[in-house]
Amino acid sequence: MEIRDARREDAEEACRVLRRSIVELCAADHRHDPGLLAAWLSNKTPQTVAAWMSRPDASYLVAVDEGAIAAIGAVTDAGEILLNYVSPDARFRGASRVLLAALESRAAERGATRCTLISTETARRFYRARGYEEVGPPVRKFGMDSGYPMSKPLGLTATLPVPSGGV
Ligand SMILES: CC(C)(COP(=O)(O)OP(=O)(O)OC[C@H]1O[C@@H](n2cnc3c(N)ncnc32)[C@H](O)[C@@H]1OP(=O)(O)O)[C@@H](O)C(=O)NCCC(=O)NCCS
């Protein structure tokens with residue numbers, strides 16, 4: 001699995017991964033409600049993704065496996081994780097774990113001392129296992145109440161030991 005900065009020509013494939021990740025993996029959040037899904041997907045177009053990628057104050061990274069984008073993530077220089085979406089074809093093969101570590105490293109390189117994010121219900125357990133703590137009540141995003149503000153100081157080990165029996 002290679003992690004590299006996204007390029008403009010990645011926008012279309014990255015957008016497909018993003019949309020499939022939401023539709024196929026995030027059912028705990030959208031519960032297959034067509035209205036919620038439409039709201040969530042409304043700004044996920046290749047054009048918007050390409051525009052996001054040119055933000056000067058953020059890094060867009062992709063995890064590439066055998067020539068295909070396995071996951072896409074983004075972090076601002078201030079440490080806000082904007083995206084972290086794995087392809088359903090690459091789920092539970094370490095793509096999000098490696099990508100998140102790379103996003104945290106990039107934020108640290110840019111001077112951030114902590115990473116913050118709003119987790120989906122789907123990824124909440126994943127972030128907890130990576131050392132993120134919930135820092136406030138759930139917030140509303142795209143009509144769903146399942147946005148969990150989380151935060152992790154940087155400079156600690158990227159991965160906490162997972163208790164036996166899972167998390
Ligand atoms: C949950 C998710 C983030 C995990 O990413 P992944 O690339 O599939 O998985 P990885 O192999 O990198 O990480 C595995 C970790 O996922 C977690 N995990 C394992 N099974 C899980 C499950 N059924 N549900 C949630 N998390 C699970 C564990 O923490 C596991 O860590 P461990 O191997 O140390 O025990 C991903 O599968 C997913 O559903 N993404 C959907 C998009 C999304 O919600 N993104 C977050 C936006 S804020």
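## A hairpin to start from

Strand 3 and strand 4 form a hairpin with four residues between them, and in its turn Gly-79 has a positive phi of about 100 degrees. Helices and strands are here DSSP runs, numbered from the N terminus, with at least four residues of type H or I for a helix and at least two of type E for a strand. The structure is a predicted model, in which local features need pLDDT of at least 70 and side-chain atom pairs count only at pLDDT 80 or more, while totals for chains, interfaces and linings use all residues. Residues are numbered from 1 along each chain as its sequence is written.

The two strands of this hairpin pair in the antiparallel sense over five bridges, where pairing requires that DSSP finds at least two bridges between two strands. Within this pairing, Val-75 stands opposite Ile-81 in strand 4.

## The four-stranded sheet

The hairpin belongs to an open sheet of four strands in the order 1-2-3-4, with antiparallel pairing. Strand 1 (2-5) and strand 4 (81-86) each have a single partner strand and stand at the edges, so one side of each is left without a neighbour in the sheet. Neighbouring strands of the sheet are turned by 20 degrees against each other on average, direction ignored; such angles are taken between axes, which are lines fitted to C-alpha atoms, for helices over the stretch in contact, and they run from 0 to 180 degrees between N-to-C directions.

Strand 1 and strand 2 pair in the antiparallel sense over four bridges, and Ile-3 stands opposite Ala-63 in strand 2. Strand 2 (residues 58-65) and strand 3 (residues 68-76) also pair in the antiparallel sense, over eight bridges, with Val-64 opposite Ile-69 in strand 3. In a regular strand the side chains alternate between the two faces of the sheet.

Six of the eight residues of strand 2 are buried, so this strand is largely enclosed by the rest of the structure. A residue is called buried if 20 or more other C-beta atoms lie within 10 Å of its own, exposed if 12 or fewer do, and partly exposed in between, with C-beta atoms placed from the backbone. Strand 4 is likewise largely enclosed by the rest of the structure, because five of its six residues are buried.

## Helices across the sheet

Helix 1 (residues 11-25) lies across strand 2, strand 3 and strand 4, and runs at about 90 degrees to strand 3. Helix 5 (residues 95-109) lies across strand 1, strand 2, strand 3 and strand 4, and runs at about 30 degrees to strand 3. Helix 5 has 15 residues and reaches 21 Å from its first C-alpha to its last, close to the 21 Å expected at 1.5 Å a residue, the expected span being 1.5 Å times one less than the number of residues.

Among the buried residues of helix 5 are Leu-99, Leu-100, Leu-103, Glu-104 and Arg-106. What covers the buried residues of this helix includes the four strands 1, 2, 3 and 4, together with strand 5 (114-119) and helix 6 (124-129). After helix 5 comes Gly-111, whose phi is positive, near 105 degrees.

## Around the ligand

Of the 23 residues around the ligand, Ser-96, Arg-97, Thr-120, Ala-123 and Ala-129 come nearest; a residue is near a molecule or strand if its C-beta atom, placed from the backbone, lies within 6 Å of it. Helix 1, strand 4, helix 5, strand 5 and helix 6 each supply at least two residues of this shell. By class, the shell has twelve nonpolar, seven polar and four charged residues, where Ala, Val, Leu, Ile, Met, Phe, Trp, Tyr, Cys and Pro count as nonpolar, Asp, Glu, Lys and Arg as charged, and the others, Gly among them, as polar.

## Three residues in loops

Cys-26 has its place in the loop between helix 1 and helix 2 (27-30), and Cys-26 is buried, with 20 other C-beta atoms within 10 Å. Leaving aside neighbours within four places in sequence, Cys-26 is in contact with Ser-21, Thr-120 and Thr-122, contact meaning that the C-beta atoms of two residues, placed from the backbone, lie within 7 Å.

Most residues other than glycine have a negative phi. Glu-66, although not a glycine, has a positive phi of about 50 degrees; it lies in the loop between strand 2 and strand 3 and counts as exposed, with 8 C-beta neighbours inside 10 Å. Phe-142 also has a positive phi, near 50 degrees, and lies in the loop between strand 7 (139-141) and strand 8 (144-153), where Phe-142 counts as partly exposed with 18 C-beta neighbours inside 10 Å.
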